[in-house]
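Please consider the following structure together with the exchange about it.

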Amino acid sequence: MSSGSAPRRRSTLLAATAVAGALTLSACGGDGGQAGGGGNTNFVTGSGGISTVAKGERTDAPKLDGATLDGTPLDIADYKGKVVVLNFWGSWCGPCRAEAKHFQKVSKETEGEGVQFVGVNTRDPKKSLAVSFEEDFGVTYPSIYDPTGKLLLRFPKGTLNPQAIPSTVVVDRDGKLAARTLAALDAEKLRKMIDPLIAEK
């Protein structure tokens, strides 16, 4: 073994640690009160950390599609005409575990009101981890498997883009971005976020 290989290993390890640290900071955190993006944002963040956009000022949701955890193709555009609640989560994320039962509860309460819940499982290296998470918490709505986080990057800056895990983004019946939070939610806060959109005609 050459004497130069040990320093090379050390620098590679340091670089990998730095990358992991950056991912940890950007994930499973974020204080829900921060508006993000940059540029001319047209959304308002309320005291509860929920950002909303007035109906006439919303932008189109990006194309969000992929295979679900059971391998079924899913495209958010197929739910146009419904309010779509997008929850970005990972099995490794403590706040995601805390909010899962609330999302399942509200998804059942609102399914007759034209609401569709869709999870986006991100940064889970093994699909089995995400499947176990859903089984543990009784989650019955579909989740797109997105291990590399590519769907997170489809949201334009300056819009209601997810910036942390967990994040929740709500798409209105016209397929436009209407509300977002960057914090874990309980059932009451989740209803406050989606009930105004259910009431829209």
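The questions and answers below concern a predicted model.

Visitor: Which residue in S7 does Val120 stand opposite?
Guide: Strand S6 covers residues 115-122 and pairs with S7 in the parallel sense over 4 bridges. Strand S7 spans residues 143-146. Opposite Val120 in S7 stands Ile144.

Visitor: Are the residues on the two faces of strand S7 buried or exposed?
Guide: On one side of S7 are Ser143 and Tyr145, and on the other are Ile144 and Asp146. Both faces are covered, and these four residues are all buried.

Visitor: What is the handedness of the β-α-β unit made by S6, helix H3 and S7?
Guide: Helix H3 comprises residues 127-137 and forms the unit with S6 and S7. The β-α-β unit is right-handed.

Visitor: Is Thr181 buried or exposed?
Guide: Thr181 belongs to strand S9, residues 177-181. Its relative accessible area is 1%. Because buried means under 20% relative accessible area, Thr181 is classed as buried.

Visitor: Which residue has its backbone nitrogen 3.3 Å from a polar atom of the side chain of Thr181?
Guide: The side chain of Thr181 also has a polar atom 3.3 Å from the backbone oxygen of Gly49. Residues touched by Thr181 include Ile50, Ser167 and Met193. The backbone nitrogen in question is that of Ala183.

Visitor: What is the relative accessible area of Arg123?
Guide: Arg123 is placed in the loop between S6 and H3. Although not a glycine, Arg123 has a positive phi of about 60°. Arg123 is partly exposed, and its relative accessible area is 28%.

Definitions and conventions: Residues are numbered from 1 along each chain as its sequence is written. This is a predicted model: local features need pLDDT of at least 70, side-chain atom pairs count only at pLDDT 80 or more; totals for chains, interfaces and linings use all residues. Side-chain values use heavy atoms; hydrogens and water are left out. Buried means under 20% relative accessible area, exposed over 50%, partly exposed in between (1.4 Å probe, protein chains only). Two strands pair if DSSP finds at least two bridges between them. A crossover is right-handed if, with the strands pointing away from the viewer, the path from the first strand over the helix to the second runs clockwise. A polar contact is a pair of N or O atoms within 3.5 Å; within protein, one must be able to donate a hydrogen and the other to accept it, and residues adjacent in sequence count only if both atoms are side-chain atoms. Contact means heavy atoms within 4.5 Å. Lists of a residue's contacts leave out its neighbours within four places in sequence.
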